[in-house]
Amino acid sequence: MNTITIAISDERLLKLQQLAAQMNVSIEELVLMSIESSIAQREVSSPNTAQDILKENAEISTEVVDKFYALATEWQSEVAGMSSTAQMSLHPAYQEIISMGTKIVPLLLSELKKNPLYWLAALSAITGENPVKPEQKGRVKQMASAWIEWGRNQGYSIEENV
């Protein structure tokens, strides 16, 4: 195992501590989750325009939907009982979901209604966005609502039952 030393300001450390506490993870897990998300985000090509987003949203193939749900089922069964959402998001199936890119954003937004906590990190990793307001942090349903509103504002069609 390797060690990385990071120098950050007291203000940033406080923010990290607060976020880690809200997510019920250690600072180390939070940093690792962020690193993994950054790596996955760089590996995913994102659309350049709103028209690209709308085009991808309209063209979710059956194969993509099937792959997403197969990976999601595998992931959920293998992380069942795990208490760390940071550790859960590092699972290979979850990382593969992230690597599927923006074409699955509508699926993730729809899934937020069933499992709001599970897909927040994936959405952030894929889109590079964070529509959650500071006062919503730690309130999973409000965080999910912020993402759903973001999705609608971006032109995504969010199905009630996918």
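# An all-helical predicted model

Of the 162 residues of the protein, 36% count as buried. The model is a predicted one, and its secondary structure comprises nine helices and zero strands, so that the order of elements from the N terminus reads α-α-α-α-α-α-α-α-α. The accessible surface amounts to about 9900 Å², and 49% of that area belongs to carbon and sulfur atoms. When contacts between residues at least 6 apart in sequence are considered, 62% of them join residues that are at least 24 apart.

## The nonpolar core

In soluble globular proteins, nonpolar side chains tend to be buried together. Here the largest nonpolar core has 33 residues, and the members that touch the most other members are Ile104, Leu108, Leu112 and Trp119. Two or more residues are given to this core by each of α4 (62-79), α6, α7 (105-111), α8 (120-127) and α9 (140-153).

Tryptophan 119 illustrates how such a residue is surrounded: leaving out residues up to four places away in sequence, tryptophan 119 touches Phe68, Ala72, Trp75, Gln76, Tyr94, Ile97, Leu108, Glu111 and Leu112. Two of these partners, Tyr94 and Ile97, are also among the buried residues of helix α6 (residues 92-99), a set that further includes Ala93, Gln95 and Ile98. Just after α6, glycine 101 adopts a positive phi of about 80°.

## Salt bridges

The structure holds two salt bridges, and the table lists each pair with its N to O distance.

| Lysine | Glutamate | Closest N to O distance |
|---|---|---|
| Lysine 67 | Glutamate 96 | 3.5 Å |
| Lysine 114 | Glutamate 111 | 3.1 Å |

In the pair formed by lysine 67 and glutamate 96, lysine 67 belongs to helix α4 and glutamate 96 to helix α6, so the bridge ties together parts that are 29 residues apart in sequence. Lysine 67 is partly exposed, with a relative accessible area of 37%, and glutamate 96 is likewise partly exposed, at 34%.

In the other pair, lysine 114 is partly exposed at 49% relative accessible area, whereas glutamate 111 counts as buried because its relative accessibility is 5%, which falls under the 20% limit for that class. Glutamate 111 is also one of the residues touched by tryptophan 119.

## Polar side chains and backbone atoms

Three hydroxyl-bearing residues, taken in turn, place side-chain polar atoms beside backbone atoms.

Threonine 127 is located in helix α8 and is buried, with a relative accessible area of 19%, a value that lies under the 20% cut-off. A polar atom of the threonine 127 side chain lies 2.7 Å from the backbone oxygen of leucine 123, and a polar atom of that side chain lies 3.1 Å from the backbone nitrogen of glutamate 129. Apart from residues up to four places away in sequence, threonine 127 touches Val105, Trp147 and Trp150.

Serine 84 sits in the loop between α4 and α5 (85-89), and at 9% relative accessibility serine 84 counts as buried. The serine 84 side chain reaches the backbone nitrogen of glutamine 87 at 3.0 Å, while contacts of serine 84 beyond its neighbours within four places in sequence are with Val25 and Glu29.

Serine 61 is found in the loop between α3 (50-58) and α4 and is partly exposed, with a relative accessible area of 28%. Its side chain reaches the backbone nitrogen of valine 64 at 3.1 Å. The C-alpha atom of serine 61 is separated by 10.0 Å from that of isoleucine 104, although the two residues are 43 apart along the chain.

## A nonpolar patch on the surface

Nonpolar side chains also appear at the surface, where Ile4, Ile6, Ile8 and Leu13 make a nonpolar patch of about 370 Å². Leucine 13 has its place in helix α1 (residues 10-23), and at 32% relative accessibility leucine 13 counts as partly exposed. That value is over the 30% relative accessible area required of patch residues.

Key
Residues are numbered from 1 along each chain as its sequence is written. This is a predicted model: local features need pLDDT of at least 70, side-chain atom pairs count only at pLDDT 80 or more; totals for chains, interfaces and linings use all residues. Side-chain values use heavy atoms; hydrogens and water are left out. Buried means under 20% relative accessible area, exposed over 50%, partly exposed in between (1.4 Å probe, protein chains only). Helices (H or I, at least four residues) and strands (E, at least two) are DSSP runs, numbered from the N terminus. A nonpolar core is a set of buried Ala, Val, Leu, Ile, Met, Phe, Trp, Tyr and Cys residues joined through side-chain atoms within 4.5 Å. Contact means heavy atoms within 4.5 Å. Patches are made of residues with over 30% relative accessible area and no salt bridge: like charges are joined within 9 Å, nonpolar side chains (Val, Leu, Ile, Met, Phe, Trp, Tyr) within 5 Å. Accessible areas come from the Shrake-Rupley method with a 1.4 Å probe; for residues, only the protein chains shown count as cover. A salt bridge is a side-chain nitrogen of Lys or Arg within 4 Å of a carboxyl oxygen of Asp or Glu. A polar contact is a pair of N or O atoms within 3.5 Å; within protein, one must be able to donate a hydrogen and the other to accept it, and residues adjacent in sequence count only if both atoms are side-chain atoms.
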